[in-house]
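Visitor: I am new to reading protein models. Could you walk me through a few features, one at a time?

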Amino acid sequence: MRFVTVAGPPSSGKTSVILRAIEHLRQRELQTGVIKFDCLSSSDADTYQRAGVISKVGLAGSLCPDHFFITNVDQAVQWGKRQGLDLLISESAGLCNRCSPHVKKVLAVCVIDNLSGIGTPEKIGPMLRLADVVVVTKGDIVSQAEREVFAARIREVNRLATVIAVNGITGQGAFALSRLLADAAEVDSLQGDYLRFSLPSALCSYCIGQTRIDETFQAGNLRRIRFDD
Amino acid sequence: MTDQLSPQLAEELLVNRSVAALLGEYPYLENYFDAIRLETLDTSISVAELLADYPEEYFTDYGLTKTGFAEVLVGFVERMLSQPPDELAQVATITVKPGCDKAGRPESCGLTMRAGEVTCIVGPTGAGKSRLLEDIESLAQGDTPTGRTVLVNGAAPSDEQRYDLGHRLVAQLTQNMNFVIDLPVGEFIELHARSRGIAEPAKMAAEVVACANTLAGERIAAATPLTQLSGGQSRAVMIADTALLSASPIVLIDEIENAGIDRHQALSLLVGRDKIVLMSTHDPVLALLGDRRVVIRNGGIMSVLETSEAERANLEFLTALDDRLAGLRAAIRAGERLDSDLPSMLGMTF
């Protein structure tokens, strides 16, 4: 089974882009499924179901979404294989811009949108920097000039990626993306593979349920801002 | 994920000069250094020294690694040096070889578009304009739903070209597009020029604004915020910027509204810059200004009409009529009455 990680900031258009690409993958008779990693709730399962796509949602709840992702991703791959999929797409939101679910031997896609502002490519971090394919959405509502500056900024942080503009509404550009997805590497298991970049680190009293604001209750991996007035 | 970088260039950039000198020579690297908070760094030392002075964690905090930072920096400069920004402009022809319509029936004809020509696309909404555009953008090789093949300068593009050229081939200007960035016109155009590696961004910005002013009815000042421009002004800036600054050899225009902008001038500007202009329009004046019209039905090209002599002759009349209507619009705007004998003024009888 082929496997791809798709990541991007919330509301950047990941689900629309994936659905548009699946339309083309169907024509190639590739059975494609989606594992969606989300935080508190997700209506994407319904969206995928309506489109007749085999899907599964995993909710991180109170856990760090990235740590949740990496501890579940190989199981998701095994689930995809049991479903008889030709291609499994993992969809996850990069919530803190420091997130990056990309795995070394797995095709990595990052979805970002033109409306997020030209400073965004610098801010996003490894989720964008280490992606193999960058999909840029919402180009139909901003000027050509802004699209070009945005694309140039993406190049500045990730010169090797293939950059594709996809319109999530008309589907323009989704064909090019579907070709890349269809060529993703086959995986049997992710055991022994590595993340492309370490996950945000944490282990402080708040990670395990502390809610009180009080220095004496703050322990573990902490960092404080230096206010040198 | 890795490719061969020139070790000589790496040494030049990382060891042989200070960060300040590097930024003086390659101003577009500034954004790149901003990612690690340029304003806090000592720029009198080289990148190699900088990397040695800071712990790995400093880079990890910004989502980077030391080696990754250096590699991407060298690769980025190498790319800018090896790919002159205007390389894309050398597309002289785009040929679309026929495929099938939505019902799978073969198309009756293909299409060749040349630099400096205007091709209009006509047909009802949903007829298949975006299918045609996607074929051009993805440089289709018989593998898209239409089965069309697209040739660049008469030849099939390589796989690499398909991805490299693909998304930068077509610049689009549609009525839904707006400027969303909160910057003055001049400043933003400078930013665009800098991202293209243009030597004198400020001069280029002044040129674009001057050019936009030849198109717009109301004067545009470089200091006006983009988001405060009127519809016509905004369209004028978009067209001038696309003509002068966009690397894309093909420009797709979705109907230019007949308000606040000189449409004739706008088209001549783009054609004069040797762009391949594709215009979706049902306006008779614009359609006859084109060299040909592609008629689209049910996802396929039904026919291609070259603009005839008789049509060109009618264009003069239509333009005169259009100008008079524009005069009436100006009169309404000025608060005047339209109570003169309009049929005789417009040369019509009922």
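Visitor: How far apart are the C-alpha centres of domain 2 and domain 3 of chain B?

Guide: This is a predicted model. In it, those two centres lie 31 Å apart. The bounds to look for in chain B are 7-82 for domain 1, 178-245 for domain 2 and 314-345 for domain 3.

Visitor: Is B:Q8 buried or exposed, and why?

Guide: The idea is to count neighbours: a residue with 12 or fewer other C-beta atoms within 10 Å is called exposed. B:Q8 has 8 such neighbours, so B:Q8 counts as exposed. You can find B:Q8 in helix α1 of chain B, residues 7-14. From B:Q8 to B:R324 the C-alpha distance is 65 Å, with their positions 316 residues apart in sequence.

Visitor: What about strand β7 of chain B: how many of its residues are buried?

Guide: Five of five, across residues 276-280. Look at the two faces in turn: B:I276, B:L278 and B:S280 are buried on one side, and B:V277 and B:M279 on the other.

Visitor: Which strands pair with β7(B)?

Guide: Strand β3 of chain B pairs with β7(B) in the parallel sense over four bridges, and there B:I121 stands opposite B:S280. Strand β6 of chain B also pairs in the parallel sense, over five bridges, with B:V251 partnering B:V277.

Visitor: And how many residues meet where the chains touch?

Guide: Chain A brings 31 residues into contact with 38 of chain B. On the chain A side, α6(A) gives the most, with eight residues. By class, that side has 14 nonpolar, eight polar and nine charged residues.

Terms used: Residues numbered from 1 in each chain as written. Chains lettered and ligands numbered in written order. Predicted model: local features only at pLDDT ≥ 70, side-chain atom pairs only at ≥ 80, totals over all residues. Buried ≥ 20, exposed ≤ 12 C-beta atoms within 10 Å, placed from the backbone. Contact = placed C-beta atoms within 7 Å. Nonpolar A, V, L, I, M, F, W, Y, C, P; charged D, E, K, R; others polar. Domains from an automatic or database assignment. Pairing = 2+ DSSP bridges.
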